[in-house]
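Please read the briefing below alongside the sequence and the 3D view. It takes up the relation of the copies, the division into domains and two backbone details.

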There are 2 protein chains.
Amino acid sequence: MSEDPQQNDLDALQDHLFEVETLLAWLKPLDDAGEAPPDAASAENHDALLQRLRQRLDRMHPADVAYVLEALPLEERLLVWDLVKAERDGEILLEVSDAVRETLIESMARHELVAAVETLDTDELADLVPDLPQEVVEDVFQALPTEEREQLRTAISCPEDSVGALMDFDMATVRGDVTLEVVLRYLRRFDALPEHTDKIFVVDRDDCLLGVLPLEDLLINDPDTNVAAVMKTDVVRFHPEDKAEDAALAFERYDLGSAPVVSSVDNKVIGRLTLVAVVDFIREESEAEQLAHAGLREEEDIFASVWDSVKNRWAWLAVNLVTAFVASRVIGLFEGAIEKLVALAALMPIVAGIGGNSGNQTITMIVRAIAMGQVNPDATRRLLRKELGVALINGIIWGGLLGFLATWLYGSGSLGLVMTAAMTLNLLLAAFAGVGIPMLRQRLGLDPAIGGSVLITALTDSGGFFIFLGLASLFLL
Amino acid sequence: MSEDPQQNDLDALQDHLFEVETLLAWLKPLDDAGEAPPDAASAENHDALLQRLRQRLDRMHPADVAYVLEALPLEERLLVWDLVKAERDGEILLEVSDAVRETLIESMARHELVAAVETLDTDELADLVPDLPQEVVEDVFQALPTEEREQLRTAISCPEDSVGALMDFDMATVRGDVTLEVVLRYLRRFDALPEHTDKIFVVDRDDCLLGVLPLEDLLINDPDTNVAAVMKTDVVRFHPEDKAEDAALAFERYDLGSAPVVSSVDNKVIGRLTLVAVVDFIREESEAEQLAHAGLREEEDIFASVWDSVKNRWAWLAVNLVTAFVASRVIGLFEGAIEKLVALAALMPIVAGIGGNSGNQTITMIVRAIAMGQVNPDATRRLLRKELGVALINGIIWGGLLGFLATWLYGSGSLGLVMTAAMTLNLLLAAFAGVGIPMLRQRLGLDPAIGGSVLITALTDSGGFFIFLGLASLFLL
């Protein structure tokens with residue numbers, strides 16, 4: 001919270017960036033001139049500019065420096081990175097995107113990396129470990145005190161989407177048999193409370209959780225009261241192995257600011273989950289979902305090489321190529337029919353396309369309903385009935401409209417009828433698959449949100465071509 | 001935070017639901033039997049069951065009651081809603097989804113609604129106003145004290161996606177010239193602090209913001225210190241007209257727990273934005289985005305009527321129908337070519353489909369880059385060059401593979417070459433549009449994230465058919 005008031009919006013960030021870019025642009029011609037022996041004046045100028053840039057960076061919040069680094073092309077990025085004070089390297093590495101972090105880490109020597117990450121808290125360190133070279137991790141691990149080494153081991157061993165990976169180890173605990181006055185005096189001995197402390201955990205002599213003392217209750221109650229008398233004993237608590245997603249839901253549902261994380265074995269307090277960490281998780285999840293939806297494996301550094309981008313995207317294109325090829329072979333089955341009635345070739349993509357769109361609407365609804373935990377066997381039947389009803393109505397309305405257009409365009413009423421029938425059947429197929437695919441994935445213990453869109457589009461493409469061309473072969477030729 | 005420890009995950013919520021459903025199921029046969037004159041025993045039984053259900057609901061957190069209401073079909077939902085204590089109606093209305101809220105509000109009489117919402121804070125009330133009948137709003141408005149009436153007016157007049165719509169008016173303020181001891185004594189006079197207080201706002205005699213006093217600093221410093229000596233003066237603050245999205249970014253970037261909202265005219269403190277409100281906003285935004293992506297206008301009550309669902313989905317289907325129809329007419333232009341070489345009909349959907357997928361990847365990247373504020377004119381040229389490069393490589397690799405397959409399937413090398421060329425050109429078109437569409441929308445002051453997917457799919461469909469069939473007409477026939 002040591003920002004100046006202007007820093008809180010995108011414009012201000014862009015001002016930061018602009019300033020850095022301007023300074024870099026001034027440096028550039030000097031650098032180029034530097035190939036010829038530099039005259040004293042410009043060399044001095046160069047140093048002055050570098051100095052100004054360095055000062056500017058020193059005044060910026062680590063998140064803002066990260067923003068600037070992400071927005072710069074590789075060469076300028078590394079120049080700026082060199083100017084950042086070494087002791088700030090760790091906190092900035094935490095803030096940048098994965099793709100940019102990789103480029104920064106590659107540019108650093110082993111001892112620089114060790115020095116940078118040693119300044120971090122254990123839970124922050126754990127976030128960086130997957131990106132660090134093995135030997136750096138070993139060096140850091142050796143240098144840690146025993147307790148923190150244990151904490152790091154715990155944090156690393158937790159799966160990325162678990163509470164254990166999000167929690168931190170820094171927290172204030174008190175015993176229940178003291179007065180609030182004692183707690184107040186105890187807190188005055190701190191130089192700083194653990195970040196985002198909104199409650200203090202109350203533990204017994206074995207560090208087992210007894211309750212929590214919200215700072216509010218500490219402040220509004222008489223200092224002579226005992227902690228045990230005002231603490232809350234029915235506490236939302238988590239285990240390190242709990243899913244981060246469920247924890248996020250609970251934070252949102254119960255408007256939590258922080259919550260204790262306790263061992264599922266002995267109820268000992270191990271760490272603390274804060275809303276700030278949960279928000280980071282929610283944002284990352286939603287970004288990962290957006291990327292996955294378009295078949296991007298990971299975020300791309302916007303200055304990544306063409307080749308890195310190709311690698312990030314090829315898997316999805318390959319899958320789509322296979323499904324498109326299958327659909328193409330389905331059409332191939334009916335080449336005879338198309339030869340006789342070429343209008344079929346023009347009309348078939350409509351049947352397939354609308355089926356895909358409608359199926360994606362259904363699947364989006366169902367995935368959301370599953371995520372909210374509102375789908376049980378009884379609801380499944382209802383949902384399926386509803387979606388089939390929607391498909392039927394849409395088939396009759398839109399299919400009827402298209403049938404009319406086909407009749408008008410090609411002067412054949414029976415072609416129009418086939419069009420309407422095929423649209424309706426393909427929409428019913430889409431509804432059925434839209435409900436079935438995520439339900440089936442869930443029953444198989446898979447994430448219902450993943451891959452549904454590709455699968456349903458493949459099904460309604462191939463299915464749509466098959467239904468339309470099949471009906472046409474039966475009734476028109 | 002008055003939950004029992006088990007309530008913090010989805011399983012526990014489902015247990016709640018199951019319990020309510022079981023009780024409802026027991027009630028059901030009694031109700032049916034009730035049509036015949038009920039014997040005394042079952043009538044008693046019925047009342048006992050209702051009583052149990054009521055008690056169960058009383059013990060549940062409002063968010064959990066909301067969950068149960070959302071998961072129940074309309075009839076059962078209204079039965080449960082009747083059992084909820086009237087004084088809890090307001091807080092539960094806040095928690096349920098828009099679609100379910102509508103069904104509940106419809107079931108309530110005017111005086112019930114007025115009584116329910118009068119219990120709420122002004123900022124909560126403002127959230128409900130759009131869903132309430134006009135006459136209820138007027139009644140409530142009349143009943144409010146002047147100050148709160150002004151607050152409500154302010155909150156309602158702010159656009160939904162502004163800081164003003166998210167802020168609350170409940171906050172603790174102190175003057176800078178008192179000691180921390182005075183502040184501590186002052187806080188002890190509260191029955192409760194405003195929810196999620198992590199800092200107290202320091203103001204002058206005109207209520208203008210001087211700084212903030214984090215509870216942490218209040219707790220760790222000597223009580224004899226003056227507030228002014230320990231308060232933070234460089235504070236991230238917002239104006240009511242600021243965009244909620246920018247505020248969310250700032251909360252995340254600077255790890256804020258709460259921030260003052262001040263008037264842009266005179267720097268007077270008007271309200272407070274908390275991380276909890278920001279999290280709700282982020283979650284709603286991300287859900288709205290997911291829905292919009294599949295062309296759903298709003299969330300659906302999973303027990304909504306078929307007709308409501310049809311209305312929620314038709315606009316998107318209509319748009320897609322138009323674009324599909326245009327693509328169909330493009331194919332219609334080349335019916336002569338297809339008649340001569342029917343293989344074209346089977347191959348053309350591949351060209352169109354892969355173009356659409358690749359274009360959606362590009363657009364997703366660009367929209368993200370724009371949202372992060374990382375796209376300036378210089379970066380645009382770089383990005384376009386990169387995306388065109390990626391498209392070219394993908395065209396040569398995947399187009400080449402498909403050209404080979406086409407040659408093998410149809411025994412025509414020139415058909416294979418046309419296939420490769422058309423794929424490459426359509427991928428280049430997709431890259432160009434994928435960069436251009438969001439950039440153009442941004443320059444026109446429109447949301448770059450909206451509608452891009454439909455537009456690019458329309459373009460790569462029609463464009464893909466045109467390029468492929470056009471090249472085939474030129475070189476094969």
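Chain B is superposed on chain A by a rotation of 180 degrees with 0.0 Å of shift along its axis, at an RMSD of 0.1 Å, the fit being made by least squares on the C-alpha atoms of residues with pLDDT of at least 70 in both copies. The two copies are thus related as by a two-fold rotation axis. This is a predicted model, in which local features need pLDDT of at least 70 and side-chain atom pairs count only at pLDDT 80 or more, while totals for chains, interfaces and linings use all residues. Residues are numbered from 1 along each chain as its sequence is written, and chains are lettered from A, with ligands numbered from 1, in the order in which they are written.

**Interface**
- Because 100% of the interface residues of chain B are also interface residues in chain A, the copies meet through the same surface.

**Domains**
- Chain A is divided into domain 1 (5-161), domain 2 (173-293) and domain 3 (306-475), with bounds that come from an automatic or database domain assignment.
- The centres of domain 2 of chain A and domain 3 of chain A, taken over C-alpha atoms, are separated by 48 Å.

**Positive phi angles**
- His196(A), although not a glycine, has a positive phi of about 60 degrees, and His196(A) counts as buried, with 20 C-beta neighbours inside 10 Å.
- Asp255(B), also a residue other than glycine, has a positive phi near 50 degrees, and Asp255(B) is partly exposed, with 17 other C-beta atoms within 10 Å.
- A residue is buried if 20 or more other C-beta atoms, placed from the backbone, lie within 10 Å of its own, exposed if 12 or fewer, and partly exposed in between.

Note on methods:
Contact = placed C-beta atoms within 7 Å.
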